[in-house]
Amino acid sequence: MFYLRGCGRWVAASFTKQQFPLVRLSSDSAAPRTPHFDVIVIGGGHAGTEAATAAARCGSRTLLLTHRVDTIGQMSCNPSFGGIGKGHLMREVDALDGLCSRICDQSGVHYKVLNRRKGPAVWGLRAQIDRKLYKQNMQKEILNTPLLTVQEGAVEDLILTEPEPEHTGKCRVSGVVLVDGSTVYAESVILTTGTFLRGMIVIGLEMHPAGRLGDQPSIGLAQTLEKLGFVVGRLKTGTPPRIAKDSINFSILNKQTPDNPSVPFSFTNETVWIKPEDQLPCYLTHTNPRVDEIVLKNLHLNSHVKETTRGPRYCPSIESKVLRFPNRLHQVWLEPEGMDSDLIYPQGLSMTLPTELQEKMITCIRGLEKAKVIQPGYGVQYDYLDPRQITPSLETHLVQRLFFAGQINGTTGYEEAAAQTESCPVARLECIAGTAGMHHNTQLGVIAGINASLRVSRKPPFVVSRTEGYIGVLIDDLTTLGTSEPYRMFTSRVEFRLSLRPDNADIRLTLRGYKDAGCVSQRRYERACWMKSSLEEGISVLKSIEFSSSKWKNLIPEVSISTSRTTYESVLFHQLQEIKGVQQDEALQLPKDIDYLTIRDVSLSHEVREKLHFSRPQTIGAASRIPGVTPAAIINLLRFVKTTQQRQATMNESPKTDQCLRNADRLQERQL
């Protein structure tokens, strides 16, 4: 057993022990009272909370370690969930009994379905959330989850032991060392560090270490991961300033109201907690040439923009938008932060200029001429680990039983995530794509929590393929392609959009989550089974009755008639055939212990060998999606796999044949 010591520091939180049930950890690692859990989750953000509760739902005794318990459920940037592509992720989290969809249905202040001008397969559920209410509801859920313990503390180091011989990896994680020197042991460990790995906040030319405003970064853990041999990269993101609500002239701005009725995120809810007429509106304004002028004249005062570190491509800062799209007007959505909040979030104005220049820029915008900035915008730079170093179960190749989830894998997160389609009309549903990172992080958190628990009980991993869900596309893209900029989910990344709709996520994933992972409750499982059988029965009945869609609408005008299945029946049929082809490729497993650098039974170029060695794909399908792996290399790999399988089948059959012959001899002797 050995440690890789770092040099991190921790600032204690200021609240009393009576507020939260905490675990007192022994400082003597050799004492019999040293805590031991099945799963430890490091980080209490969106990925961490989903990972911890998923592991607990699977039956594992779980410890959630976070710098400050009172920040669990904190929405550090844009207080919203969902959007185009991200609404699908929310539904899939809910299908696996995750938290965020249910909490959003209890905490939203503005619900809207985006992209309705297109088919239902690409509709995006979105909600503006009350920060305070979401935080309260999330903490209530976390602190009352069975088998889940919440502990305040910063992780300084990992406890490593000898590897398990039947698995790849040079060592195995068996616990963590806290900054006070105490140790906690576990069978699996999940890292969900967000922007805290060597995080650095930037405003103008000023830089200071922080994971987010007011919180210390994680230095020692970052050094530990680097010493272990993980490939570390650097990403950046940012957040806009916050504006006083009473200083904005809303009367001259374009008002957007919520949907009536509101569509809930969770399959278990028929409606949301608040009536449409009681929800809060959002408002639209635009930048102008004066904003461009301020940005261009002060680039020398903005170190964040000058940095070579890659930022989000699809939700950039206002400085990046001005540089990339000169002489254009950019949308700014003014969004409420809560029912009783005095702050407005100007989505589309993420910036890192000096504070006085931020105030000057804000007052140049229509409706914000007298706006008062309460908190300046800022950028944050942080370490992430190349996601090609993890498996589809999110376990790392290098260290056994160590899982990564969230922004540590290169997904988006802190930046306000509005996909600015500059040429689109003013309509909000075409221009806002949601808060990207929260959904990527919750998805990764759920999968990491499930698989960390399954690893403890030595069960097969729970892997979602590209043919089964947006989760599968997200994880497959990360683990096979990697990323050099914050990754963001779009519907365009998904090959089988007609089959992977937000309305059928429960049919696709809930049944598997119950049977294969044990993360779904009996109640939710029974509901999904009922829904599946009801749909099948309804489709069977409807197929026996043939009317045109217009006649159906005349017969039952109060029901919204969706023609997606009838119109695209042939397309769906062909798509299902394509899915079967992909699933056949995914069924061809590559040997886990294969050494691509030295194996001689397959003809591969040196470049291809290096790419396969680094990514270590688990199937032929995953190998075919790695950039630089040629079709010829895939064919050679395919031959190798089939030859290996045949050889293994022959070896397995040989003892059975011998046993059958012996049994036949005994039977013949008895008969004689």
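A residue is called buried here when its relative accessible area is under 20%. With that cut-off in mind, good morning, and let me present this predicted model.

I begin with helix α2, which spans residues 86-95. The helix is mostly covered, since 10 of its 10 residues are buried. The buried residues are K86, G87, H88, L89, M90, R91, E92, V93, D94 and A95. Just after α2 comes D97, with a positive phi of about 70 degrees.

What does α2 pack against? One partner is helix α13, residues 505-517. Two packed helices are described by the angle between their axes and the distance between the axes. For this pair, the angle is about 35 degrees and the axes lie 8 Å apart. The crossing of α2 and α13 is right-handed. On the side of α2, the contact is made by R91, E92 and A95; on the side of α13, by A505, D506, R508, L509 and T510. By character, the residues of this contact divide into three nonpolar, one polar and four charged.

Turning to α13 itself, its buried residues include A505, D506, R508, L509 and T510, the residues that α13 brings to the contact with α2. L511, R512, G513 and A517 of α13 are buried as well. After α13 comes G518, with a positive phi near 75 degrees.

Let me now place these helices in the whole protein. The protein has 672 residues, of which 57% count as buried. Its secondary structure comprises 20 helices and 22 strands. Among contacts between residues at least 6 apart in sequence, 76% join residues at least 24 apart. The exposed surface is about 28800 Å², and carbon and sulfur atoms supply 53% of it.

Next, the cysteines. How many disulfides does the structure hold? The count is zero. Consider C519: the closest cysteine sulfur belongs to C58 and is 5.1 Å away, which is too far for a bond, because a disulfide requires the two sulfur atoms to be within 2.5 Å. C519 is buried, at a relative accessible area of 1%, whereas C529 is partly exposed, at 27%.

A word on strand β3, residues 62-66, where T66 lies. Is T66 buried or exposed? Its relative accessibility is 6%, so T66 counts as buried. Leaving aside residues up to four places away in sequence, T66 touches G44, I72, Q151, E152 and G153.

I close with some backbone features in loops. The peptide bond from N260 to P261 is cis, with omega near 5 degrees. P261 sits in the loop between β15 (254-256) and β16 (282-286).

Two residues other than glycine also deserve mention for their phi values. L147, which is not a glycine, has a positive phi of about 70 degrees. This leucine is found in the loop between α4 (131-142) and β7 (148-152), and at 44% relative accessibility L147 counts as partly exposed. N327, likewise a residue other than glycine, has a positive phi near 60 degrees. N327 is placed in the loop between α8 (318-324) and β17 (331-336). With 78% relative accessibility, N327 counts as exposed.

To return to the starting point: α2 has 10 of its 10 residues buried, and α2 crosses α13 in a right-handed sense. Thank you for your attention.

How values were computed. Residues are numbered from 1 along each chain as its sequence is written. This is a predicted model: local features need pLDDT of at least 70, side-chain atom pairs count only at pLDDT 80 or more; totals for chains, interfaces and linings use all residues. Side-chain values use heavy atoms; hydrogens and water are left out. Axes are lines fitted to C-alpha atoms, for helices over the stretch in contact, and angles run from 0 to 180 degrees between N-to-C directions. Helices (H or I, at least four residues) and strands (E, at least two) are DSSP runs, numbered from the N terminus. A crossing is left-handed if the near helix is turned anticlockwise from the far one by less than a right angle, and right-handed if clockwise. Contact means heavy atoms within 4.5 Å. Ala, Val, Leu, Ile, Met, Phe, Trp, Tyr, Cys and Pro count as nonpolar, Asp, Glu, Lys and Arg as charged, and the others, Gly among them, as polar. Buried means under 20% relative accessible area, exposed over 50%, partly exposed in between (1.4 Å probe, protein chains only). Accessible areas come from the Shrake-Rupley method with a 1.4 Å probe; for residues, only the protein chains shown count as cover.
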